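Visitor: I have a model open and I'd like to learn how to read it. Could you walk me through a few features?

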Amino acid sequence: MSIEAHSIVTPEAVAVRVDIAELGSRVGAAVIDALIIGAVLLAIQIRVGVAGLAGLLSLAGGLPAALYVAFILLLIFGYHPFFEEIWNGRTPGKRSFGLRVIQTDGQPVGLGPVLLRNLFRPLDIAVVAIGLFLILLTRRRQRLGDLVAGTIVVRQPKMAQPSPVATGIRPDADLPPLDTTLLTEEEYELMRSFLERRWQLAPAARMALGNELGNLAWSKVPGAQAYPWGPEVLLEAVLVTVRRQSLGLRGTVGG
């Protein structure tokens, strides 16, 4: 999978590195999504055909035919925006390649940009595959829909979770959502290592290092403002969020 490092500036005026997804990984993700859509369409067509042969359904014309066509169009054109909205910028294809759509300032993609970038998807595909050329030629590997919506596709680092770290947050706690996309593996490991060894540190060293890592999380993790209870609580919430993501659990941004 081809990946290119690139720097973006967050709304907090912090420059962070993101890994921009190149053409190969995006095409691979698109192929998986297309296969899923095709499989669903085939299953629907088989069911409709069987129902027609049994005399249970007729699509010869009128309202049933119009509703059927509308449903098929909704499935085809609604697949990407649906998943990118509920899975925070990921479709099943993107998820399998570790890719995600975010805004160009590093913030999570919202419903508006999701709808806008997918509104231009047919044009990206239909006009001599203009999207492929734009991905190859633009600095941030953006297709037309990305350029219009102000989005980019990035690789989300896989955070290792070798062993649980004791935290004051219950594993099933209902937390304000955090988006850990912009954290690198090294930054996450620093936070995890601090929380694992904080009890062994002198109070002054623990406070200084906790504040430093808390400020890092504050600048790079959207949603951190919802944790006013001190840096260690925020760092614990980051770990719990990543742990839930690694287990495929719902209820956190990016999960």
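Visitor: Let's start with D19. Which strand is D19 found in?

Guide: D19 is in strand β2. Keep in mind as we go that this is a predicted model.

Visitor: Is D19 buried or exposed?

Guide: The idea is to look at relative accessible area, where anything under 20% is called buried. D19 comes out at 8%, so D19 is buried.

Visitor: What does the side chain of D19 meet in a salt bridge?

Guide: In general, side chains of opposite charge can pair when their charged atoms come close. Here the partner of D19 is R155, with 2.8 Å from N to O. The two are 136 residues apart, with R155 in strand β4 (residues 151-155) and D19 in strand β2 (residues 15-21), and the pair links distant parts of the chain. R155 is partly exposed, at 23% relative accessibility.

Visitor: How many salt bridges are there altogether?

Guide: The count is 15. Another one to click on is E84 with K94, where the closest N and O atoms are 3.2 Å apart. E84 belongs to helix α2 (residues 62-86) and K94 to helix α3 (residues 92-96), so this pair ties together parts 10 residues apart in sequence.

Visitor: And are E84 and K94 buried or exposed?

Guide: E84 is buried, at 0% relative accessibility. K94 is buried too, at 8%. For a contrast, try the salt bridge between E196 and R197, at 3.3 Å from N to O. There E196 is partly exposed at 33%, and R197 is partly exposed at 42%.

Visitor: Which residues do salt bridges with shared partners join into one network?

Guide: R26, E84, K94, R117, R121 and D146. So when you find E84, don't stop at K94, because the pair from α2 and α3 belongs to that network.

Visitor: What else does the side chain of E84 touch? I see N118 there, so what joins N118 and E84?

Guide: A polar contact of 3.0 Å between their side chains. N118 sits in helix α4 (residues 111-119), and with a relative accessible area of 8%, N118 is buried.

Visitor: Leaving aside neighbours within four places in sequence, which residues is N118 in contact with?

Guide: H80, P81, E84 and R143.

Visitor: On to rings. How many aromatic pairs are there?

Guide: Four. As a rule, a pair of aromatic rings is described by the distance of the centres and the angle of the planes. Take Y227 and W229: the centres are 5.7 Å apart and the planes are at 90°, which makes the pair edge-to-face.

Visitor: Which of the two is buried, and which is exposed?

Guide: Y227 is the buried partner, with a relative accessible area of 4%, whereas W229 counts as exposed, at 57%.

Visitor: Which residues form an aromatic cluster?

Guide: Y79, F82, F83 and W87 form one cluster. While you're at W87, look for R95: the charged end of R95 sits over the ring of W87, 4.7 Å from the ring centre.

Visitor: How would I sanity-check a helix? What should α9 span?

Guide: Count 1.5 Å a residue and compare the result with the distance between the end C-alpha atoms. Helix α9 (residues 203-220) has 18 residues and should span 26 Å, and its end C-alpha atoms are 26 Å apart, so the two agree.

Visitor: Which residues in α9 are buried?

Guide: G210, L213, G214, A217, S219 and K220.

Visitor: What about E185? Where is its place?

Guide: In helix α8 (residues 185-197). E185 is partly exposed, at 40% relative accessibility. From E185 to Q156 is 29 residues in sequence and 9.7 Å in space, C-alpha to C-alpha.

Visitor: Now zoom out for me. How many helices and strands are there?

Guide: The protein has 10 helices and four strands. Reading from the N terminus, the order is β-β-α-α-α-β-α-α-α-α-β-α-α-α. Of its 255 residues, 45% count as buried.

Visitor: And what share of the contacts with a separation of 6 or more is between residues 24 or more positions apart?

Guide: That share is 67%. The D19 and R155 pair you began with, 136 residues apart, links distant parts of the chain.

Key:
Residues are numbered from 1 along each chain as its sequence is written. This is a predicted model: local features need pLDDT of at least 70, side-chain atom pairs count only at pLDDT 80 or more; totals for chains, interfaces and linings use all residues. Side-chain values use heavy atoms; hydrogens and water are left out. Rings of Phe, Tyr and Trp (its six-membered ring) pair if their centres lie within 6.5 Å; planes under 30 degrees apart count as stacked, over 60 as edge-to-face and the rest as tilted. Buried means under 20% relative accessible area, exposed over 50%, partly exposed in between (1.4 Å probe, protein chains only). A charge sits over a ring if NZ of Lys or CZ of Arg is within 6 Å of the ring centre and within 35 degrees of the ring normal. A salt bridge is a side-chain nitrogen of Lys or Arg within 4 Å of a carboxyl oxygen of Asp or Glu. A polar contact is a pair of N or O atoms within 3.5 Å; within protein, one must be able to donate a hydrogen and the other to accept it, and residues adjacent in sequence count only if both atoms are side-chain atoms. Contact means heavy atoms within 4.5 Å. The expected span of a helix is 1.5 Å times one less than its number of residues.
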